[in-house]
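Reader: I am in my first year and would like to look closely at a single part of this protein. Could you take me slowly through its largest nonpolar core and then show me how that part sits within the rest of the chain?

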Amino acid sequence: MTPLQRYADMFSGWGIQGHDGTAWYHPMRLTIDSGAVADGNANPAQRILDVDATHGDDLPKGLRIYAFGAALGGARVLATARMLARQSGIPRRNLTLVNRAATYAHNDPNSAAPNKNQFLKFLVPYLERVASG
C-alpha cells in the first residue's frame, strides 16, 4: 500500500531535528506499556512503569472508539477494542472497527498514499461523527 519513496521519506526523518524517522517507534517499550495498560484496569505494572490507564471499566457510555487492525495487530486490535467497550458498557454502535490485517502492513495506516488509504477512509467519517456529537 505504501509507495516505496513515501516509506523512505517517512523513515529518513528529513526536517526532524535530532531524530531519524524511526525515533517514534520503540517496539519493545510499546509492547511493555501496552501490556501494562491491561484494558485500562489497574495493576502493579502500571505503578512500576508510570503508566496511568485505570478507567477501563468506567469509561463514558457515549464514548466512541475507532480501531484499525493492520498486519501486526490484526484482529487482536479489534478484539481489544470490543473488550474495552464491553467492560465499560459502551454500545457496539459506538465502535468503528476496521480489519485490514490481510492487506495492510504495520506502517501502511500512517504512510499509505492518502487517496488509497483505508485508515483515512474510515477515520474521517468517524471524526465527523465525533465532532457532530
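**The core and its surroundings**

Author: Before we reach the core, let us begin at a small place: S111 lies in helix α5, which covers residues 108–111. Please keep in mind throughout that this is a predicted model. S111 has a relative accessibility of 1%, and because buried means under 20%, S111 counts as buried. A polar atom of the S111 side chain lies 2.5 Å from the backbone oxygen of N107.

Now to the part you asked about. In soluble globular proteins, nonpolar side chains tend to be buried together. The largest nonpolar core here has eight residues, namely L59, I65, A67, L78, A81, A85, I90 and L95. Two elements give two or more residues each to this core, the strand β1 (65–69) and the helix α4 (74–88), and α4 gives the most, with three residues. A81 is a useful residue to select in the viewer, since, leaving aside its neighbours within four places in sequence, A81 is in contact with I65, A67 and L97. Apart from this core there is a second, separate one of seven residues, which includes Y66, F68, A70 and Y104.

To place the core in the whole, it helps to step back to the protein chain, whose secondary structure comes to six helices and two strands, arranged along the sequence in the pattern α-α-α-β-α-β-α-α. The protein chain has 133 residues, of which 29% count as buried. Among its contacts with a separation of 6 or more, 62% are between residues 24 or more positions apart. The protein chain exposes about 8700 Å², and carbon and sulfur atoms supply 60% of that area.

Two loop residues deserve a careful look as well. Most residues other than glycine have a negative phi. D39, in the loop between α2 (27–37) and α3 (44–49), has a phi near 55 degrees, which is a positive value in a residue other than glycine. D50, which is found in the loop between α3 and β1, likewise has a positive phi, about 60 degrees, although D50 is not a glycine. The relative accessible area of D50 is 71%, and because exposed means over 50%, D50 counts as exposed, whereas S111, where we started, is buried.

Terms used:
Residues are numbered from 1 along each chain as its sequence is written. This is a predicted model: local features need pLDDT of at least 70, side-chain atom pairs count only at pLDDT 80 or more; totals for chains, interfaces and linings use all residues. Side-chain values use heavy atoms; hydrogens and water are left out. A nonpolar core is a set of buried Ala, Val, Leu, Ile, Met, Phe, Trp, Tyr and Cys residues joined through side-chain atoms within 4.5 Å. Buried means under 20% relative accessible area, exposed over 50%, partly exposed in between (1.4 Å probe, protein chains only). Helices (H or I, at least four residues) and strands (E, at least two) are DSSP runs, numbered from the N terminus. Contact means heavy atoms within 4.5 Å. A polar contact is a pair of N or O atoms within 3.5 Å; within protein, one must be able to donate a hydrogen and the other to accept it, and residues adjacent in sequence count only if both atoms are side-chain atoms. Accessible areas come from the Shrake-Rupley method with a 1.4 Å probe; for residues, only the protein chains shown count as cover.
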